[in-house]
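Here's a quick tour of a protein model, written for someone just getting started. Have a look at the structure first, then work through the notes below.

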Amino acid sequence: MGTVHARSMDSYPMYGRDLGVNPVDDMEVMKAEQENKQEILENKDVVVQHVNIAGLGRTKEDYLGFEISDVFTARNLVEVMKKSHEARQKLLRLGIFKDVEVVIDISEGADALPNGLDVTFEVTELKRLTGSYNTMVGNNEGSMVLGVKLPNIIGRGERLTFQFSYGTKETSYGLSFFKPQPGYYERNFTLNLYKVTGQFPWSSLKETDRGVSTELNFPLWMTDHTLKWEGVWRELGCLARSASFAVREESGHTLKSALSHTMVIDTRNSSILPRKGALLRINQELAGYTGGDASFLKEDFELQLNKPFIWGSVLSASLWGGMIFPLGSQPISIADRFYLGGPTSVRGFGMYSIGPQSEGDYLGGDAYWAGGLHLYTPLPFRSTRGGLADLFRTHFFLNAGNLCNLNYGDGPRAHLQKLAECIRWSYGAGIILRLGNIARLELNYCFPMSVQGGDRICDGVQFGAGIRFL
């Protein structure tokens with residue numbers, strides 16, 4: 001909970017010898033005394049007269065007023081302690097303080113009331129320049145991340161960050177500026193400048209993106225929303241001399257300007273390996289309306305349901321889907337299409353190795369869907385709860401999905417009929433290791449079924465690492 005200090009509060013019941021409780025007394029008497037003290041604390045009216053913040057340097061006081069204002073509404077000592085703790089958590093969430101301590105004292109001075117209290121937050125600001133080094137696990141890839149951060153540079157929660165990432169398939173660096181709305185940290189604005197170079201061996205493709213983006217994040221009722229604009233100069237090239245002609249045709253420079261909106265409802269208790277709750281994510285992207293070479297409308301969604309089952313196990317069901325529509329005569333780039341398959345989606349198939357391909361290079365598709373049923377159980381023959389064994393789960397799964405191109409002259413019924421054809425599916429079992437709230441690792445034995453011509457399969461043991469799994 002953090003540290004809450006109370007000073008000079010002799011008029012209020014406190015724990016200790018003054019209560020007349022001896023450790024050797026009967027436990028029932030002690031329990032009754034504690035309940036009586038709690039009742040007295042809750043019924044004792046107090047008034048919070050002053051709330052002070054000590055230790056501020058470059059932080060503006062008016063920016064913090066929104067976070068601590070609820071402390072004034074407390075009407076008894078228990079409420080003062082609770083609301084002070086809540087305010088402390090809000091202050092720490094701002095990301096500008098290294099530590100926050102709370103001191104509750106009786107009011108002093110000419111205007112002091114007999115039941116008046118002063119609450120002081122003793123803060124320690126972060127240094128003007130901080131650095132970080134960590135590793136990240138992405139979609140079946142890992143990376144090393146170096147970062148330099150300037151927190152609270154103007155005094156109202158702003159943050160300037162430079163980050164360099166070197167990974168197995170992707171290298172990037174970028175500069176971002178973050179600005180929260182005072183009093184509503186969840187509403188914030190971000191400006192990004194970046195360069196990303198990625199390799200996509202399943203398509204014999206390499207891509208370099210140089211761009212700028214702006215994001216506006218805000219909650220609305222039970223949902224979280226992100227509005228984004230992105231302008232990017234993309235350079236596509238062949239990763240190998242053996243790249244197919246279809247990939248070579250995609251090589252060159254393009255400009256993409258796109259508006260996107262994402263809505264998320266997430267009630268899961270964990271984003272990595274949830275035991276209960278649901279997730280709904282809907283994303284729309286409109287490219288070409290604000291300029292650029294690319295012109296399309298892209299829609300995709302993700303749905304996940306988790307429910308506790310018998311003997312500590314969890315049943316999980318998930319469904320993904322998406323479709324992209326060209327808005328002009330320009331064909332959709334290979335970099336904007338959907339891809340499917342691999343240890344993080346339809347297990348038992350190679351990474352993004354389902355659907356249209358040319359000479360062994362996978363070209364992506366205009367529409368896809370994928371679904372999964374999972375049973376997660378604790379490790380068998382476990383003698384005790386807790387410890388390292390709680391990070392592992394056994395995993396039984398059934399996955400299915402399809403990826404295809406569409407004839408846009410046909411109607412919706414024809415599109416759905418094509419998505420229902422040539423369905424790939426797989427089943428299997430394995431072991432999952434949860435890496436805190438960062439990522440998870442899977443080692444599964446897979447049985448791919450209904451394999452179509454051109455699909456690349458992984459029949460047997462398959463390893464996966466990432467954050468987002470079907």
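A strand here is a DSSP run of E with at least two residues, and strands are numbered from the N terminus. With that in hand, we can place Arg-440: this residue sits in strand β20. Keep in mind that you're looking at a predicted model. The protein chain has 5 helices and 21 strands, and β20 will turn up again in the notes on the surface.

**The whole chain**
- Of the 470 residues in the protein chain, 40% count as buried.
- The protein chain exposes about 24700 Å², and carbon and sulfur atoms supply 58% of that area.
- Take the contacts between residues at least 6 apart in sequence: 59% of them join residues at least 24 apart.

**Arg-440 and its neighbours**
- Is Arg-440 in β20 buried or exposed? Its relative accessible area is 5%, so Arg-440 is buried, given that the cut-off for buried is under 20%.
- The side chain of Arg-440 makes a polar contact of 2.6 Å with the side chain of Glu-442.
- A polar atom of the Arg-440 side chain also lies 3.1 Å from the backbone oxygen of Ile-272.
- Leaving aside residues up to four places away in sequence, Arg-440 touches a whole list of residues, including Leu-273, Arg-347, Tyr-376, Ile-432, Gly-464 and Phe-469.

**A nonpolar patch on the surface**
- Leu-373, Leu-398, Trp-425, Tyr-427, Leu-443, Tyr-445, Phe-447, Met-449, Val-461 and Phe-463 make a nonpolar surface patch of about 930 Å².
- Three strands each supply at least two residues of this patch: β19 (424-435), β20 (439-449) and β21 (460-466).
- Which strand gives the most to the patch? That's β20, with 4 residues.
- Tyr-445, one of the patch residues, is found in β20.
- Tyr-445 has a relative accessible area of 42%, so it counts as partly exposed.
- Put Arg-440 and Tyr-445 side by side and you'll see that β20 holds both a buried residue and a partly exposed one.

**Helix α3**
- Helix α3 covers residues 77-93, which makes 17 residues.
- From its first C-alpha to its last, α3 reaches 24 Å, close to the 24 Å expected at 1.5 Å a residue.
- At the start of α3, a side-chain oxygen of Asn-76 comes to within 3.2 Å of the backbone nitrogen of Val-78.
- The buried residues of α3 are Leu-77, Val-78, Val-80, Ser-84, Ala-87, Arg-88 and Leu-91.
- After α3 comes Gly-95, with a positive phi near 75°.

**Positive phi in residues other than glycine**
- Tyr-352 has a positive phi near 50°, and it isn't a glycine.
- Where is Tyr-352? Look in the loop between β14 (314-326) and β15 (357-358).
- Tyr-352 has a relative accessible area of 17%, so it counts as buried.
- Cys-422 is another residue other than glycine with a positive phi, near 55°.
- You'll find Cys-422 in the loop between α5 (412-419) and β19.
- Cys-422 is partly exposed, because its relative accessible area is 43%.

Notes:
Residues are numbered from 1 along each chain as its sequence is written. This is a predicted model: local features need pLDDT of at least 70, side-chain atom pairs count only at pLDDT 80 or more; totals for chains, interfaces and linings use all residues. Side-chain values use heavy atoms; hydrogens and water are left out. Patches are made of residues with over 30% relative accessible area and no salt bridge: like charges are joined within 9 Å, nonpolar side chains (Val, Leu, Ile, Met, Phe, Trp, Tyr) within 5 Å. Accessible areas come from the Shrake-Rupley method with a 1.4 Å probe; for residues, only the protein chains shown count as cover. A salt bridge is a side-chain nitrogen of Lys or Arg within 4 Å of a carboxyl oxygen of Asp or Glu. Buried means under 20% relative accessible area, exposed over 50%, partly exposed in between (1.4 Å probe, protein chains only). A polar contact is a pair of N or O atoms within 3.5 Å; within protein, one must be able to donate a hydrogen and the other to accept it, and residues adjacent in sequence count only if both atoms are side-chain atoms. Contact means heavy atoms within 4.5 Å. The expected span of a helix is 1.5 Å times one less than its number of residues.
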